[in-house]
Amino acid sequence: MDAFLQKVTEINGVLNSFIWGVPGLVLLIGTGILLTLLTKVFQISHVGHWFKNTVGTLFGKDGASKKRDKKAISQFQALCTALAATVGTGNIAGVAAAIVVGGPGAVFWMWVAAFFGMMTNYSENVLGIFFRRRNKNGEWSGGAMYYLKDGLGKKKGFKTIASVLAVLFACFAILASFGIGNMGQVNKITLNLQSAFFENTDLGTLGGVPVLGLIIGVALMILGGLIIIGGLQRIASFAERVVPFMAITYVIGALGVMFLNIENVGAMFAAIFRFAFTTRAATGGVVGTVFLAMTQGFKRGVFSNEAGLGSSVMVHSSSDVKEPVRQGMWGIFEVFFDTMIVCTMTAIVVLSSGYIDLATGNPTVAKLDDSTLVSRVFGDTFGVAGEWFIAIAMLLFAFTTVLGWSQYGSKAVEYLFGTKGVKVYKVIFVVMIISGAVMTSSLAWDISDTFNGFMMVPNLIGVVAMCPLVVKITKNYVDRKIKKKDVSPLLSYDPEIQKEMEQKEEG
């Protein structure tokens with residue numbers, strides 16, 4: 001058995017290195033560059049418009065936070081649910097790891113990945129809304145599965161391969177939801193709670209299972225079950241309240257660290273740009289190359305905001321929005337907020353702390369633990385309250401990620417097995433929360449990480465193949481809404497849905 005597991009580990013290591021290595025990152029960043037050019041740098045050329053029509057609509061009487069369809073969720077709820085899944089432990093421990101391994105320059109390349117990722121996420125959401133349809137319960141269903149089957153599949157000679165790619169994407173999404181979206185997050189929650197609040201507590205074991213971990217797992221399972229079993233409406237309602245609070249609180253805490261280390265801020269930003277293009281001196285026998293900084297920044301940026309994986313589009317497609325481009329703009333904001341704001345705050349905490357030598361770009365402490373680095377900095381700055389703050393932040397970040405991924409998995413199951421299969425999936429998903437709290441082996445999570453990465457392959461094939469359609473829909477929207485031309489709208493691939501959307505008031 002050990003030999004078999006060792007072989008599985010080796011095979012998964014090769015596959016993971018490939019999909020999250022240079023080939024996968026080139027595919028992801030390359031797609032973002034292509035879409036940025038084809039849409040004439042929409043994220044910059046129309047920055048005022050997309051900002052005004054996303055967060056700028058939240059405070060109006062009929063803004064994006066208002067729900068107009070009982071079977072759907074509001075545009076803001078869709079954003080918060082998507083952010084619930086993307087703003088996770090990767091925004092804290094992941095960014096710290098990128099800096100420790102790749103140096104300060106990794107932050108610059110993380111920004112680059114986010115800049116181009118904005119248009120990848122935009123395009124996914126445009127296609128998601130355009131190809132969505134209502135299920136038997138009257139709810140919207142959309143995602144890469146649908147724009148592969150009904151978009152790519154309509155092209156001559158692509159019907160069979162598009163159907164296969166759609167099924168593969170759904171399978172990868174389900175498998176990843178149990179690992180990265182569930183057990184991996186719960187395990188991080190358990191470890192952080194034990195470290196911050198129960199470091200000297202030993203309740204023994206029960207059948208070889210740590211009792212403390214079991215108690216935490218059961219508590220999370222009950223809480224998660226109450227929300228997840230309630231469906232998307234309950235998940236979105238919870239996310240709408242928790243995500244803005246946790247993100248804003250974390251940003252404020254990070255700014256507090258920055259201001260208390262204000263003398264390092266100038267050198268910090270200088271180091272970010274300098275080491276993005278220059279090689280760091282060898283440390284521990286390893287040379288910190290520009291290539292290393294670039295790959296770490298790209299990888300952590302993509303891993304954090306998930307642009308290109310086709311995951312968040314499954315939630316965005318459930319919005320009550322009428323215009324595909326309108327939800328696409330929320331996708332731009334999602335990547336902007338996740339990476340440009342939250343991840344940058346973590347980078348500021350790490351780089352202004354003194355644990356990274358801003359002159360050499362290398363850690364000042366031997367064998368620096370990137371997984372606890374942010375907690376360590378907050379502890380140095382605010383005492384034990386700082387460590388508690390990060391433990392609670394990790395709890396909220398990771399738990400909301402579990403909720404968001406439960407919806408991704410549900411939509412993938414719905415595509416493969418129908419709405420009845422979703423009920424069975426949710427029960428299994430909730431029960432699996434306990435496993436994450438007590439498991440110690442990382443193999444299951446490593447495999448699910450690979451499946452998470454594999455989601456990008458069929459998704460990006462679909463996005464690239466249909467980029468002319470994205471450009472066409474975008475031009476149609478710009479002509480109508482910005483240039484005020486009298487042209488017919490492009491709202492759906494389905495004539496009946498197109499007619500329904502035209503009859504509704506502007507969302």
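A cavity is here a set of grid points where a 1.4 Å probe fits but cannot get out. In this predicted model, 3 cavities of 30 Å³ or more are counted under that rule.

The largest cavity holds about 110 Å³ of space. Its lining consists of 14 residues, and those nearest the centre are A85, T86, Q185, F303 and E306. Two or more lining residues come from each of α5 (75–86), α9 (159–197), α13 (290–305) and α17 (384–417). By class, the lining of the largest cavity comprises 4 nonpolar, 9 polar and 1 charged residues.

For the second largest cavity, the volume is about 50 Å³. The residues that line the second largest cavity are L28, I29, G32, A113, F116, G117, T120, V302 and A307. Both α2 (22–38) and α7 (105–130) contribute at least two residues to this lining, and α7 makes the greatest contribution, with 4 residues. The lining of the second largest cavity contains 6 nonpolar and 3 polar residues, with no charged residue.

Helix α7, which supplies residues to the lining of the second largest cavity, also packs against helix α20 (residues 456–465). The angle between α7 and α20 is about 80°, and their axes lie 10 Å apart. Angles of 65 to 115 degrees count as roughly perpendicular, and α7 and α20 are therefore roughly perpendicular to each other. On the α7 side, the contact involves T120, S123, E124 and L127; on the α20 side, N459, L460 and V463 take part. The residues of this contact fall into 3 nonpolar, 3 polar and 1 charged. T120 is thus named both among the residues lining the second largest cavity and among those of α7 in the contact with α20.

Open pockets were also examined. The second largest pocket encloses about 390 Å³ of space. Its lining is made up of 21 residues, with N137, E139, G231, V422 and K426 lying nearest the centre. Helices α11 (232–260), α17 and α18 (419–438) each provide at least two of the lining residues. The lining of the second largest pocket divides into 6 nonpolar, 9 polar and 6 charged residues. Helix α17 accordingly appears in two of these descriptions: two or more of its residues line the largest cavity, and at least two line the second largest pocket.

How values were computed: Residues numbered from 1 in each chain as written. Predicted model: local features only at pLDDT ≥ 70, side-chain atom pairs only at ≥ 80, totals over all residues. Heavy atoms only, no water. 1 Å grid on protein atoms, 1.4 Å probe; cavity = no way out; pocket = protein on both sides within 12 Å on 5 of 7 lines; lining within 4 Å. Points joined across faces, edges and corners; volume = space filled by probe spheres on them. Nonpolar A, V, L, I, M, F, W, Y, C, P; charged D, E, K, R; others polar. Axes fitted to C-alpha atoms, helices over the stretch in contact; angles between N-to-C directions. Parallel < 35°, antiparallel > 145°, perpendicular 65-115°, else oblique. Contact = heavy atoms within 4.5 Å.
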